[in-house]
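Good morning, and thank you for making time for this short presentation. Please take a moment with the sequence and the model before I begin.

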Amino acid sequence: MSAANILPRRPAKTGPSWIPWLFVLCFAVVIAANGALIYYAMGSWAGLADESAFEHGRSYNRDIGEAERQAALGWALAVDAQPVARGSSELRLSVTASDRTRGALTGLQLVARLERPVGARSTLDANLVPSGDGRYAATVDVPLHGRWDVHVTARRGGDIEEADRRIFV
């Protein structure tokens, strides 16, 4: 006689099962999480990344030509941004300009544009003044903390050099 014949048999369970409800619960959690993420995503992004995307697309070849002319100049712009004081909303923006031989570039007109990459669009412009030996500086009062894109344009005569840097304030 085997052990299976000695042990009494249990009757098969015929009541409601909890396993299908477990699947329903898991799907409900996934749907709720997706709904929350969609809600927050729709409320935090304006949906418009560029107001003139068509015009930027049309000027693509011109932009490539300008980039090639900039590369031929051999200029380099090193952008740095530091807070004036800890916790201050003022930002000390400095740019070091050098030529192909790493010599200081003087006599440039530098303009910096700070833009918020996300959220409410804020734009700040600053004219940088020479502080000697190829260095240019300006102090900017930044109204919002967070990420900012700094776009610097240096001009001398018909020559133009541009540099970009993303900073965190």
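Which residue takes a positive phi in the hairpin of β4 and β5? The residue is D133, with a phi near 55°, and this hairpin has 2 residues between the strands. I should say at once that we are looking at a predicted model.

Let me stay with this hairpin for a moment. Its strands, β4 (123-132) and β5 (135-141), pair in the antiparallel sense over 3 bridges. P130 has Y136 in β5 as its bridge partner. D133 also takes part in a salt bridge with R135, where the closest N and O atoms are 3.9 Å apart. How accessible are these two residues? D133 counts as exposed, at 56% relative accessibility, while R135 is partly exposed, at 44%.

A loop residue also belongs in this picture. A104 is found in the loop between β2 and β3. Leaving out residues up to four places away in sequence, A104 touches A97, D133 and G134. The C-alpha atoms of A104 and R135 are separated by 7.9 Å, although these positions lie 31 residues apart in the count along the chain. With a relative accessible area of 38%, A104 is partly exposed.

I turn now to the sheet as a whole. In what order do its strands stand? The order is β1-β2-β5-β4-β3-β6-β7, in an open sheet of 7 strands with antiparallel pairing. Each of β1 and β7 (159-168) has a single partner strand and stands at an edge, so one side of each is left without a neighbour in the sheet. From one strand to the next, the twist averages 25°. As a general reminder, strands of a sheet pair through backbone hydrogen bonds, either parallel or antiparallel.

We can follow some of these pairings individually. Strand β1, residues 76-83, is joined to strand β2, residues 90-98, by 8 bridges, and the two run antiparallel. Within this pair, A76 stands opposite S98 in β2. The hairpin of β1 and β2 has 6 residues between the strands, and here G87 takes a positive phi near 80°.

Further along the sheet, β3 has pairings with two strands that I would like to describe. With β4, 6 bridges join the antiparallel strands. With strand β6, residues 147-156, 7 bridges do so, again in the antiparallel sense. R113 is a convenient residue to find in the display: R113 stands opposite D125 in β4, and R113 also stands opposite H151 in β6.

What, then, of the nonpolar core? The largest one has 27 residues, of which L93, L108, L110, L128 and V152 touch the most other members. At least two residues of this core come from each of β1, β2, β3, β4, β5, β6 and β7. L128 shows how such a residue is surrounded. Neighbours within four places in sequence aside, L128 is in contact with L93, V95, L110, V111, A112, Y136, A137 and A138. In soluble globular proteins, nonpolar side chains tend to be buried together.

Let me move from the strands to the helices. Helix α2 covers residues 19-44, and at 1.5 Å a residue its 26 residues should span 38 Å; the end C-alpha atoms are 38 Å apart, which agrees. How many residues of α2 are buried? The count is 0 among the 26 residues, and α2 is accordingly described as hardly covered.

My last topic is the charged side chains. A search of the whole structure finds 6 salt bridges. The one between R135 and D133 has already been mentioned. Elsewhere, salt bridges that share partners join R62, D63 and E66 into one network. In this network, the side chains of D63 and R62 meet at 3.9 Å, N to O. E66 forms a salt bridge with R62 as well, with the closest N and O atoms 3.6 Å apart. E66 and R62 are 4 residues apart in helix α4, residues 60-73, which means that about one helical turn separates them. R62 is exposed, with a relative accessible area of 51%. D63, at 33% relative accessibility, counts as partly exposed, and E66, at 31%, also counts as partly exposed.

To close, I return to the residue with which I began: D133 takes a positive phi in the hairpin of β4 and β5, and D133 forms a salt bridge with R135. Thank you for your attention.

How values were computed: Residues are numbered from 1 along each chain as its sequence is written. This is a predicted model: local features need pLDDT of at least 70, side-chain atom pairs count only at pLDDT 80 or more; totals for chains, interfaces and linings use all residues. Side-chain values use heavy atoms; hydrogens and water are left out. Two strands pair if DSSP finds at least two bridges between them. Buried means under 20% relative accessible area, exposed over 50%, partly exposed in between (1.4 Å probe, protein chains only). Contact means heavy atoms within 4.5 Å. Axes are lines fitted to C-alpha atoms, for helices over the stretch in contact, and angles run from 0 to 180 degrees between N-to-C directions. The expected span of a helix is 1.5 Å times one less than its number of residues. A nonpolar core is a set of buried Ala, Val, Leu, Ile, Met, Phe, Trp, Tyr and Cys residues joined through side-chain atoms within 4.5 Å. A salt bridge is a side-chain nitrogen of Lys or Arg within 4 Å of a carboxyl oxygen of Asp or Glu.
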